[in-house]
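Reader: Could you walk me through this structure? I would like to begin with one helix and then move around from there.

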Amino acid sequence: MSSPQHHSLAPQLALITVTAVWGSTFFLIKDLLDSVSPLDFLGVRFTIAALFMAAVFARRLRSASREVWKHGLLLGCVYASAQVAQTWGLAFTDASVSGFITGMYVVLTPLVLWMLFRTRILQTTWIAVFLATVGLAILSLRGVALGLGETITFLGAALYALHIVLLGRWSSGTDAVTLTSIQMISIAGISLAGALPGGITLPQTTGAWLSTLYMVFAAGILALLLQTWAQARMGATRAAIIMTTEPVFAAGFAVAFGGEALTWRLLLGGALILAAMQLAELAPRRKPPRIHGGRPATPHGATPTGALTSQSTIQPSELHSQLD
């Protein structure tokens, strides 16, 4: 039987795996976008992923409840809108600035939690958020002026934060495979809608197709599945802080495989982000308040936010996922 410590560590490792996979795609996408436009790439990538999941998990999709379909479609719409905003904004700003502004979801996630659910955030969490933000700035920021590209990219970061919060609320008690499949269908629909007006250009070489398929199965299906599973078992702000390791992995892969130099920015920025993760993990945990009948005062279906709010993390005794 798995120990409580195992259940606590597994979601963190799953999210770290997600960010490592995402980080490995940057130098691949950089080459791929020389021949395929960003919106075409998103449309092709997510359509292949959606068709694959719809075919493999058709029985699960047919038996999913109306509520799960509603949640999955809305989550996919939010995520796809964030992807489009980030891609569109990248056309008007530097990649390093885009990376930093996108990473601001670590700050926006607790704000969205407070605005939507009045979730109180502990002081130690804000310190962790601050450390992660400074680490992101050191890693990627080399001057910024607020313009159209920065504004659009910031909108994308806000949408990523909203996706993290809603996924944490709606993934608890829901089959991760089913919810991921529905999200992917929704993401594909939005991505295709953005790509179709100018016509869709497909990858032209074997190498481009291999990169696209890696993005489909590793950075798309596997990553979203692991994120959905992990966020059912940890708080949204904690998840956002862990996910700030993406630029650390991106820089590491760029150094190892992309010919880039190991700089003080990578070392210091990465150290601050890792310190933020450690602080979030060691933050004090408090028991949730009790109300009528001894039930915790959380909204129905809400995922407790663990070390990052005034509520304690509750690990379900049965994990409704094929990943266990």
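Author: Gladly, and please keep in mind throughout that this is a predicted model. A good place to begin is α3, whose buried residues are covered by elements that include α2 (26-32), α4 (58-63), α5 (66-90), α10 (176-195) and α11 (206-231).

Reader: Which residues of α3 are the buried ones?

Author: They are D40, F41, L42, G43, V44, R45 and F46, followed by A49, A50 and M53. The helix itself runs over residues 38-56, which makes 19 residues, and the 27 Å from its first C-alpha to its last is close to the 27 Å expected at 1.5 Å a residue.

Reader: And what about a nonpolar patch on the surface, which residues form it?

Author: The patch is formed by F52, V56, L213 and F217, which together have about 320 Å² of accessible area. The elements that contribute two or more residues to this patch are α3 and α11.

Reader: Take F217 then, where does it sit and how is it classed, buried, partly exposed or exposed?

Author: F217 belongs to helix α11, and it counts as partly exposed because its relative accessibility is 35%, which falls between the 20% limit for buried and the 50% limit for exposed.

Reader: Staying with α11 for a moment, T25 caught my eye; where is it, and what does it contact?

Author: T25 is in the loop between α1 (4-24) and α2, and, once neighbours within four places in sequence are set aside, its contacts are Y214, M215 and A219. The side chain of T25 also reaches the backbone oxygen of W22, at 2.6 Å.

Reader: Why does T25 count as buried?

Author: Because its relative accessibility is 6%, and the class of buried residues takes in values under 20%.

Reader: Changing topic: how many salt bridges are there in the whole structure?

Author: A search of the whole structure finds 1 salt bridge, and in it the side chains of D175 and R60 meet at 2.8 Å, N to O. D175 lies in the loop between α9 (148-170) and α10 while R60 is in helix α4, so the pair ties together parts that are 115 residues apart in sequence. As for R60, a relative accessibility of 25% means that it counts as partly exposed.

Reader: You mentioned α9; what does I152 touch there?

Author: I152, which lies in helix α9, touches A85, W88 and G89 when residues up to four places away in sequence are not counted. I152 and A85 are 67 residues apart in sequence, yet their C-alpha atoms are 5.8 Å apart in space. I152 is buried, with a relative accessible area of 9%.

Reader: What is unusual about the phi of R118?

Author: The phi of R118 is near 55°, a positive value in a residue other than glycine. As a rule, most residues other than glycine have a negative phi. R118 is located in the loop between α7 (105-117) and α8 (123-140), and at 54% relative accessibility it counts as exposed, the threshold for that class being over 50%.

Reader: How many residues of α12 are buried?

Author: Helix α12, residues 236-243, is mostly covered, with 8 of its 8 residues buried. Those residues are A236, T237, R238, A239, A240, I241, I242 and M243.

Reader: And A271, where is that, and how far is it from A132?

Author: A271 lies in helix α14, residues 264-282, and it counts as partly exposed at 42% relative accessibility. A271 and A132 are 139 residues apart in sequence and 9.4 Å apart in space, C-alpha to C-alpha.

Reader: Finally, zooming out, how many helices and strands does the chain have, and what share of it is buried?

Author: The protein chain has 14 helices and 0 strands, and buried residues make up 50% of its 324 residues. Among contacts between residues at least 6 apart in sequence, 87% join residues at least 24 apart. The accessible surface of the chain comes to about 15,200 Å², with 66% of that belonging to carbon and sulfur atoms.

Notes
Residues are numbered from 1 along each chain as its sequence is written. This is a predicted model: local features need pLDDT of at least 70, side-chain atom pairs count only at pLDDT 80 or more; totals for chains, interfaces and linings use all residues. Side-chain values use heavy atoms; hydrogens and water are left out. Helices (H or I, at least four residues) and strands (E, at least two) are DSSP runs, numbered from the N terminus. The expected span of a helix is 1.5 Å times one less than its number of residues. Buried means under 20% relative accessible area, exposed over 50%, partly exposed in between (1.4 Å probe, protein chains only). Contact means heavy atoms within 4.5 Å. A polar contact is a pair of N or O atoms within 3.5 Å; within protein, one must be able to donate a hydrogen and the other to accept it, and residues adjacent in sequence count only if both atoms are side-chain atoms. Patches are made of residues with over 30% relative accessible area and no salt bridge: like charges are joined within 9 Å, nonpolar side chains (Val, Leu, Ile, Met, Phe, Trp, Tyr) within 5 Å. Accessible areas come from the Shrake-Rupley method with a 1.4 Å probe; for residues, only the protein chains shown count as cover. A salt bridge is a side-chain nitrogen of Lys or Arg within 4 Å of a carboxyl oxygen of Asp or Glu.
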